[in-house]
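Trainee: Got a few minutes to go through this one with me? I'd like to work from the helices out to the rings.

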Amino acid sequence: MIVQRANQATPALVSSPPRAARSGVFPFAAILGQEEMKLALLLNAIDPGVGGVLVRGEKGTAKSTTVRALAALLPEVRTVHGCQLACDPDDPAQLCAQCRSRLARDRVLAVQSRQAPVVELPLNATEDMVLGGLDFDRAVKTGQRGFMPGLLARAHRGFLYVDEVNLLDDHLVDVILDAAASGRNRLEREGVSFSHPARFVLVGTMNPEEGELRPQLLDRFGLCVEVSGLADPEMRLRLMELREAFDQDPDSFQAQRREEAQGLALRLALARQRLGQVRLAPHHRGFISALCLENNVAGHRADLVIERAARALAAYEGRPEVASEDISRVAAMALRHRRRDPVPPPPPPEEPEPPRESEPSEEPEPPREPEQPPDPEQDQDGQNARDEQDPEEGFELPLPEPPEPESEAGDQGQALEQVFAAGPTFKVRGFSQAKDRKLRRGSGRRSATRTAQKLGRYVKSSLYGDPSDLALDATLRAAAPHQRRRRGSNRLAVAVQTQDLRLKVREKRVGNFLLFVVDASGSMGAQARMAATKGAILSLLLDAYQKRDKVAMVCFRGREASLALPPTSSIELAAKLLQELPVGGRTPLSAGLAQAHEQLRIHLRKAPESRPIVLLLSDGRANAGLHGETPPHQEALTLAAKLGDDQRVRFVVVDTEASGVVRLDLARRLAAAMGADYFRIDDLKAQDLVDIARKDNL
Amino acid sequence: MSKPNVYPFAAMVGQEDMKEALILNVINPGLSGVLVRGEKGTGKSTAARALAEILPLIPVVSGCPFNLDPTESGGDLCGQCTIAGCGFKSPGPNGPVLERRPVRVVELPVGATEDRVVGSIDLERALKEGEKHFEPGILAAAHRAILYVDEVNLLEDHVVDVLLDSAAMGVNTVEREGVSFSHPARFTLVGTMNPEEGELRPQLLDRFGLCVLVAGIRESGARVEVMERRLAHETDPEGFARQWEQASREIAQRIIQAKELLPRVMASREMMLAIARQCLEVGTDGHRGDIISLKTAKTLAAWQGRDQVDPAQVSRALELVLPHRVRRKPFEEVSHEQARFRAANAT
């Protein structure tokens, strides 16, 4: 039978969004500035087809406040009365099973109007709450397997709001993406098979300081806006006044702005009605696609989004036809997160180098024509395999002579130390260890792992796992359908038997152990290479901070390699040390590798399940060996190959050799021997999405 | 009210910055907390725990696990109580039963699991009655209280995430283990940390209204004083507490007066402009710096018994609010900023 008021079947905890919280919401109309963000949200309220908004910005810029305030403005939607899934009575094809049978029986559906929901997805959400699952109460009471709607069902025809979306766990992101893309939520779990429409506007806010979003998720957001603090002191003052007034008496503050809010809500409702009649001239479509082409966006979503957003804007402004200014106003929002670097510009003859402390005359590199400019094809897609052998492979290079410093003072000792300031930092491309099925301890956010502690995020339940970590909800759901049969066996309301037991599967990201092996020899001093290298390491450290890694640093120069920084979680310490790191002397690459091996051995003994990452920053010009017999670079290659045998470790070689001149590519060979990923410093930069990366440069 | 083993707040020697910041937060919970940075053994934890005895009384719904305020706006809070099943199901003819009790200090242990922090499904009731109910967690207990996190920089990352989530809007939304629930959770976050153990995430850093640095006292006379008092406290905690009772009560009394005065404190345009300019100049992220600075200046004025904010209070407020908000170069230490502010303000 059809339950008349579906909500009665699932009492208690299916609470609507907190009304109590609502009353404390800062009104939308009173938010100062941030016009772009407000516009983006309003456009989505007018046409949900715009596809959501991602709000990026520094902390304390009213990101969350604005989104929450929007809820009060949203126009009402018509739903089938009493339908749990908020079915649209005007769209018979999409009705849920209940509504369909009701329609067949009664011929007509009772309709109610209700405010479009703004459903918040908290970071602590578990998968079953997002997707929905077995209706526990109903299962216990009637023994039937029913469906209990999750957050996606509640967000249907409204907004799904994820605060700090970049901190959301990957598996939840996947689930949401899937639903957002198809407009339906399909559920196959715990003996429930169910599917319902889930069309919602995805709104996310994030602070880029805490790490970036996966590009795939980025593209799902129709629009992207950047927010920052107001620059005008007068405005800031006004803002303080408003906030103080609100904090002192939220109710009367809201009451004062009620009229304004109603006006805005009305304008939205009108725009919604008008939306269907807004025309778009064909030449404007050409303008849109030209814009998209110009910005090298991938795929066609940007074109579609711009068109819809421009229509919505025209409707909002009360115009019957889209004007070109509408398009330019929305284009920025639609393109910001999709724009890609066009063709990489040819490398500048010489990198704009920060403080030039070294004498440029030290390494007289005759300016030859750059015979091998980086292949644009290859650079465009940073992921391209770089293991293809380059044309130079053919001829054997003479080993570079012990470079510069010696020529100056003939002394390889400490006398010739230079300290370079760090070059500019940049956003580092992501690299992590692959996820496997091993359980680990630790914390961080680089590589995803199953965790053995009871500390990770509870992601789902399974029949196997830590018996002390019971997933009560799943256990109860497993037991629920059998209750009628088992009743009477004891005095508890729910009879749970061993076969019902479900255990929690927890997942978290762990930081990796990052071992930096840094070449601090004299050759690094030339051409301010060390400045660039320090900049790169600093960037990697920044990244390591965001991922909560543990770092250690081995430096090699002169005759030996030393552990400059023992394993630590204090990235500050590492950064400080890096600033003071001197360069000079020969290049004992082998010693560096040997020291790295030693550190890895110690680390892996302590934490055998861990997956360290070794970052070797060098130009590969080894000129001091461990033993006299083999040429230093041969020795280094052999050692590198040995080191690379350890499958538990991931190796990354960052080539610090200056570009543009004849490249010796020794580091590349080293990387090949080691089975390492090879990058040049420039390759390290995450450049896929230009604008975003650039903004993060501090 | 104070437990015998708690060191009296008034008996703390030195560390005026920290004490002041804590008191300001007690007067005005809107300051959203204080972060105490400093080396080991500088009385960070002692001060936070000692706060309990100088905290003012607040009205709460009797027996409510969420510490709700019956007079709070939007009187639908009781509906939430019903949902939680706190026993307050049918309000009497005169409304909910009131109770006045001091603000609590709720401690968040570093090893706390996420389900304990946000709350989870009530196991007992699920098994006995076959119904799903929400069991409040630490965030519920921390509503209108002080949430104290020792070694906040060692907190598990995902716990920080949920903390940020609810600190942002003062509401804890739970969607887990078959329970879907939300309740208000506005708390004053008091954290202590030793920067040597690693920095705090910027986002969390920003949530702390004020930030103070503590260091060991350099003056030998005061150091002796510290030792003597500590010894006296350890040998006879009760006697020691009695000895300081009067002083503590005076502080508590002054806090209550300041609380009453606070709504009437005004800040002139010039003062507010000065705040805005300074925030712009040092380049803080967003506007939280401005807003908190203004609140702090007002609270300071109230604490000093004035109803007008004066320039001294503004510069003091900026000193407490801005150091950890300045856009720093990567890995530059917070302490540098604090020193710079001092110098700038001194001139």
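**Helix H15 and beyond**

Trainee: Keeping in mind that this is a predicted model, what span should helix H15 of chain A have, and how far apart are its end C-alpha atoms?

Mentor: Helix H15 of chain A covers residues 301-317, which is 17 residues. At 1.5 Å a residue the expected span is 24 Å, and that agrees with the model, because the end C-alpha atoms are 24 Å apart.

Trainee: Is H15(A) largely enclosed or largely open?

Mentor: Buried here means under 20% relative accessible area. Among the residues of H15(A) that pass are A:Val305, A:Ile306 and A:Leu313, and also A:Asp303 and A:Glu307. The count is 12 of the 17 residues, so the rest of the structure leaves H15(A) largely enclosed.

Trainee: Which elements cover those buried residues of H15(A)?

Mentor: The cover comes from chain A and includes a strand, S11 (223-227). Helices are in there too: H3 (35-46), H13 (258-274), H14 (282-294) and H16 (324-335).

Trainee: What residue follows H15(A), and what is the sign of its phi?

Mentor: Right after H15(A) comes A:Gly318. Its phi is near 80°, so to speak on the other side of zero: positive.

Trainee: Let's go to the surface. Is A:Leu501 buried, partly exposed or exposed?

Mentor: A:Leu501 sits in the loop between helix H20 (483-486) and strand S16 (503-510) of chain A. With A:Leu470 and A:Val496 it makes up a nonpolar surface patch, about 190 Å² of accessible area together. The relative accessible area of A:Leu501 is 35%, which makes this residue partly exposed.

Trainee: Now the rings. How many aromatic pairs are there over all chains, and what geometry do A:Phe26 and A:Phe246 have?

Mentor: Over all chains there are five aromatic pairs. For A:Phe26 and A:Phe246, the centres are 5.0 Å apart and the planes are at 75°, so with over 60 degrees as the cut-off the pair is edge-to-face.

Trainee: How many residues separate the two, and where do they sit?

Mentor: A:Phe26 lies in the loop between helix H2 (19-23) and H3 of chain A, while A:Phe246 belongs to helix H11 (residues 233-248). Both are buried, and ring pairs join them with A:Phe253 in a cluster. The A:Phe26 and A:Phe246 pair links distant parts of the chain, 220 residues apart.

Trainee: And in chain B, what separates B:Phe240 from B:Trp244 along the helix?

Mentor: Their rings form a tilted pair, 6.3 Å centre to centre with 55° between the planes, and both residues are buried. They are four residues apart in helix H10 (residues 237-261) of chain B, so the separation is about one helical turn.

How values were computed. Residues numbered from 1 in each chain as written. Chains lettered and ligands numbered in written order. Predicted model: local features only at pLDDT ≥ 70, side-chain atom pairs only at ≥ 80, totals over all residues. Heavy atoms only, no water. Expected span 1.5 Å × (residues − 1). Buried < 20%, exposed > 50% of the residue type's maximum accessible area, 1.4 Å probe, protein only. Contact = heavy atoms within 4.5 Å. Patch = residues over 30% accessible without salt bridge, like charges linked within 9 Å, V, L, I, M, F, W, Y side chains within 5 Å. Areas by Shrake-Rupley, 256 points an atom, 1.4 Å probe, with all protein chains shown as cover. Salt bridge = Lys/Arg side-chain N within 4 Å of Asp/Glu carboxyl O. Phe/Tyr/Trp six-rings, centres within 6.5 Å; stacked < 30°, edge-to-face > 60°.
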